[in-house]
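The following note sets out points on helix geometry and aromatic contacts for a colleague's consideration. Please read it alongside the coordinates.

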Amino acid sequence: MTTKLFGEPVRRREDARLIVGQGRYLDDIGAHAYAAAFVRSPVAHARIVDIDVADALEVEGLLAIYTYEDLVGPMAEPLPVLIPHPQLTHPRTGYPLAKDVVHHVGEAVVMVVATDRYLAEDAVGKITVTYEELPVVVGVDAAREAVHAVHDDVPDNVAARHHQETGDVEPALAASPHVLSFTQYFERSAAMPMEGKGVHARWDDADSSLRVYTSTQASTSVRAAIAAKLQLSQELVEVIAPDVGGGFGVKIVHPWPEELLIPMAARLLRHEVKWSEDRREHFISSAHERQQRQEVTVGYDDDGRITALDVRIWHDNGAYTPYGIIVPIVTATQLVGPYVIPVYRVRGDSVYTNTVCVTPSRGAGRPQGCFAMERAMDRIAQERGLDRAEVRTRNLIQPEQFPYDHHLTFQDGRPVIYDSGDYAGLMDKLKALVHWDSFEERRVSAAARGKHLGIGMAMYVEGTGPGPYEGGHVQVLGSGKVLVSTGLTSQGQGHETVFAQLVASELGVPMEDVEVTTGDTRRFGYAVGTFASRAAVMSGNAVALAARGVREKALRIAAEVLEVDVADLEIDEGLVQVKGTPGASIPLRTVAVLSNPLRYAFDEAAKQATQFAGPGDDSKPPVAAGDAPGLEHTDYYSPIRSTFASGAHAAVVEIDPATWEIDVVNYAVVHDCGNVVNPMIVEGQVHGGVAQGVGGALYERMAYDKDGQLQNASFMDFLMPYASEVPDVVIDHQETPSPLNPLGLKGAGEAGVIPGSAAIASAIEDAVGRRIAAMPISPTELYDLVRSSADQVTNTRTGALA
């Protein structure tokens with residue numbers, strides 16, 4: 001590979017279109033489509049007694065009303081459990097429209113279609129649903145108590161019991177010189193992309209085909225689900241992800257009920273139909289994430305080295321388990337972080353509550369795992385009177401220990417084997433970035449101003465790029481344009497730029513000649529989706545391999561034309577040339593023309609490929625056996641297992657004792673995602689992740705009351721950080737290439753968010769001297785904590801109470 005573009009901070013090429021309003025999002029499609037709206041349950045748990053649509057029938061422009069009774073065939077069956085698991089013994093999913101019982105506020109009960117959205121909403125308002133309310137279960141503690149059941153046939157509310165263990169933990173704890181135990185909570189939050197979900201469907205009666213646009217992270221999988229549920233051949237279903245205004249995990253779930261119901265209605269009404277989710281719908285009917293109760297017991301020696309770790313987790317999966325138990329599995333396996341844990345046991349109960357389902361959101365279980373491990377590190381340091389950085393350093397996996405096998409099973413069903421890394425190097429860089437060793441000078445200065453100043457750190461390891469595969473197709477046209485397509489979808493990550501960089505580097509062509517298409521089943525039919533920091537690792541390697549296939553064919557054809565050996569050729573700026581021989585060359589666009597032997601010349605360029613254009617080898621067919629016309633190649637990348645990125649974050653917080661406002665004044669990140677294709681895009685991903693991490697630590701929570709009513713289902717009440725609350729982020733990169741893929745890449749998309757809560761909790765604790773055992777934390781909660789009789793924390797730098 002040339003290095004002209006790989007590793008360069010190339011500006012995001014898609015931004016020029018997006019920032020001037022030329023994006024094409026779901027709601028920009030289908031100006032003349034019929035509109036759908038939904039009657040959603042206003043109660044968290046109830047039997048549906050009656051649905052009265054009589055008054056709605058009087059609404060002018062009403063076209064159709066659908067309830068569960070109108071669903072037929074596979075549409076009347078429960079939605080799929082996307083990722084089955086042997087330990088998920090009691091999976092439950094809903095129906096496209098509720099059947100008999102609703103299990104959370106916001107569950108869809110009736111779909112209305114009218115000539116426009118206003119009339120559809122009018123009709124929704126005239127439909128009366130009678131409910132017989134049932135007992136409600138909210139929160140992991142209520143689910144554990146199991147006084148009431150979310151599902152009648154799951155009386156203990158336990159969907160799954162996940163268990164992984166290395167060694168015999170109880171004797172190891174008993175033999176440990178020191179043991180400490182603590183309980184902590186991680187609150188429920190949500191992704192909140194700028195654009196909610198949305199679907200547009202168009203049925204073609206002439207050939208019984210269906211085209212669907214959906215704001216998704218998995219267009220090929222949505223296609224398969226629609227085909228299965230509507231009993232259509234996949235070849236007759238096209239699914240396209242247009243520009244998507246953010247996903248962050250909530251749009252990897254599929255099929256959402258609307259992704260089935262809107263195509264169903266389009267087919268029945270023989271007219272295009274569209275639905276765009278409003279913000280309240282997104283709050284009460286799209287997936288949430290994060291909530292866990294964690295009980296941690298850790299054994300360690302006099303030097304703070306861990307001897308055994310036992311973790312008990314209760315994970316709130318909401319009312320349903322459409323995405324299986326991926327989040328608690330990720331928590332369980334990523335909790336160990338960059339550390340040597342000689343004996344480890346993790347047991348997790350995934351429990352039902354009468355709330356919106358919980359599926360992966362950016363971080364996907366990793367922030368919870370990091371919170372458990374890093375708070376344990378801080379506790380050990382405090383108990384032994386040691387520096388927090390030193391305790392971490394003593395427990396780190398060393399470079400010579402790679403590949404390092406934790407003897408755990410990851411979310412892809414493959415072993416947790418760290419492929420490469422230098423965790424001590426991360427720590428050294430982080431301490432230098434934040435001037436860790438001289439921080440007490442800043443604390444004294446802040447105290448003189450009447451402020452509490454604290455510093456915290458957290459380290460993490462992130463499994464990225466899980467399989468099973470992604471593919472890429474690269475084609476050089478006679479015009480010189482290079483078309484690149486991959487089935488993986490984009491939601492603003494910069495895929496168009498990164499994939500163009502990779503292909504331009506591999507082929508030796510100008511980047512402006514490369515056009516990238518993602519998430520369109522018409523262009524690429526086999527893909528998995530965008531999640532788990534896998535785009536660069538999976539599709540990046542796939543398009544690079546496809547480009548190498550094109551390069552190989554181009555050099556072979558050019559060698560025949562120029563009558564030279566393939567090894568003597570190179571491609572630079574779109575010109576195939578003999579190395580060191582100026583003028584002995586042929587444009588790549590001409591090679592593309594010659595790659596397709598023609599009978600008919602339709603322009604001047606095409607004449608070069610016709611049968612009388614020049615001398616040929618009469619002993620060979622125009623297209624060799626095993627070859628194909630055209631300068632194009634399709635390839636796939638399928639990894640043996642995930643690759644593991646890593647990083648270390650530090651936060652400095654300043655707290656005003658007059659208001660107990662928490663201000664994150666400094667934030668530092670050292671990140672290792674292997675070889676970096678585009679450092680500007682990686683830094684953008686880290687910045688965005690840090691913003692979400694700050695939100696998760698200080699602001700964002702889904703506040704359900706005991707009746708299962710979401711109390712803050714609007715941006716008026718759900719707090720998120722503004723730009724003014726997000727600190728300037730100082731970033732340093734470390735590169736330990738992965739040996740598992742051709743480009744040496746590791747993922748970067750979720751890195752910024754993973755350690756945020758752990759690092760900020762550590763900093764707050766350092767500032768005020770009180771245990772922080774739940775996140776997020778508000779100024780009011782901090783005020784109450786400081787004035788309570790909660791455990792005080794000794795400052796390990798000074799030996800005094802902070």
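Which residues form one aromatic cluster? The points below begin with that matter; the model under discussion is a predicted one.

1. The cluster is made up of Phe402, Phe410, Tyr418, Tyr423 and Phe644. Across the whole structure, the search returns 11 aromatic pairs.

2. One pair joins Phe283 to Phe718: the ring centres are 5.5 Å apart and the planes stand at 75°, so the arrangement is classed as edge-to-face, for which the angle must be over 60 degrees. The two partners lie in distant parts of the chain, 435 residues apart, with Phe283 in helix 7 (residues 279-285) and Phe718 in the loop between helix 16 (679-698) and strand 28 (729-733). Phe283 has a relative accessible area of 0% and is buried. Phe718, at 2%, is buried as well.

3. Tyr418 and Phe644 form a tilted pair, with 5.0 Å from centre to centre and 45° between the planes. This pair also connects distant parts of the chain: Tyr418 belongs to strand 17 (residues 415-418) and Phe644 to strand 26 (residues 643-656), 226 residues apart. Tyr418 counts as buried because its relative accessibility is 0%, where the limit is under 20%. Phe644 likewise counts as buried at 0% relative accessibility.

4. Helix 8 (residues 326-334) and helix 9 (residues 366-384) have axes that come within 7 Å and cross at roughly 35°. The crossing is right-handed. Helix 8 contributes Val327, Val330, Thr331 and Gln334 to the contact, while helix 9 contributes Arg366, Gln368 and Gly369. By character, the contact residues divide into two nonpolar, four polar and one charged. As background to the spacing of such residues, an α-helix has 3.6 residues a turn, so positions three or four places apart point the same way.

5. Helix 14 (residues 535-562) has 28 residues, which at 1.5 Å a residue should span 40 Å; the end C-alpha atoms are 38 Å apart, in agreement with that expectation. The residue that follows helix 14 is Glu563, with a positive phi near 55°.

6. For helix 17 (residues 756-768), the 13 residues should span 18 Å at 1.5 Å a residue, and the separation of the end C-alpha atoms, 18 Å, agrees. Helix 17 is mostly covered, with 13 of its 13 residues buried. Gly769 follows helix 17 and has a positive phi, near 75°.

Note on methods: Residues are numbered from 1 along each chain as its sequence is written. This is a predicted model: local features need pLDDT of at least 70, side-chain atom pairs count only at pLDDT 80 or more; totals for chains, interfaces and linings use all residues. Side-chain values use heavy atoms; hydrogens and water are left out. Axes are lines fitted to C-alpha atoms, for helices over the stretch in contact, and angles run from 0 to 180 degrees between N-to-C directions. Helices (H or I, at least four residues) and strands (E, at least two) are DSSP runs, numbered from the N terminus. A crossing is left-handed if the near helix is turned anticlockwise from the far one by less than a right angle, and right-handed if clockwise. Contact means heavy atoms within 4.5 Å. Ala, Val, Leu, Ile, Met, Phe, Trp, Tyr, Cys and Pro count as nonpolar, Asp, Glu, Lys and Arg as charged, and the others, Gly among them, as polar. The expected span of a helix is 1.5 Å times one less than its number of residues. Buried means under 20% relative accessible area, exposed over 50%, partly exposed in between (1.4 Å probe, protein chains only). Rings of Phe, Tyr and Trp (its six-membered ring) pair if their centres lie within 6.5 Å; planes under 30 degrees apart count as stacked, over 60 as edge-to-face and the rest as tilted.
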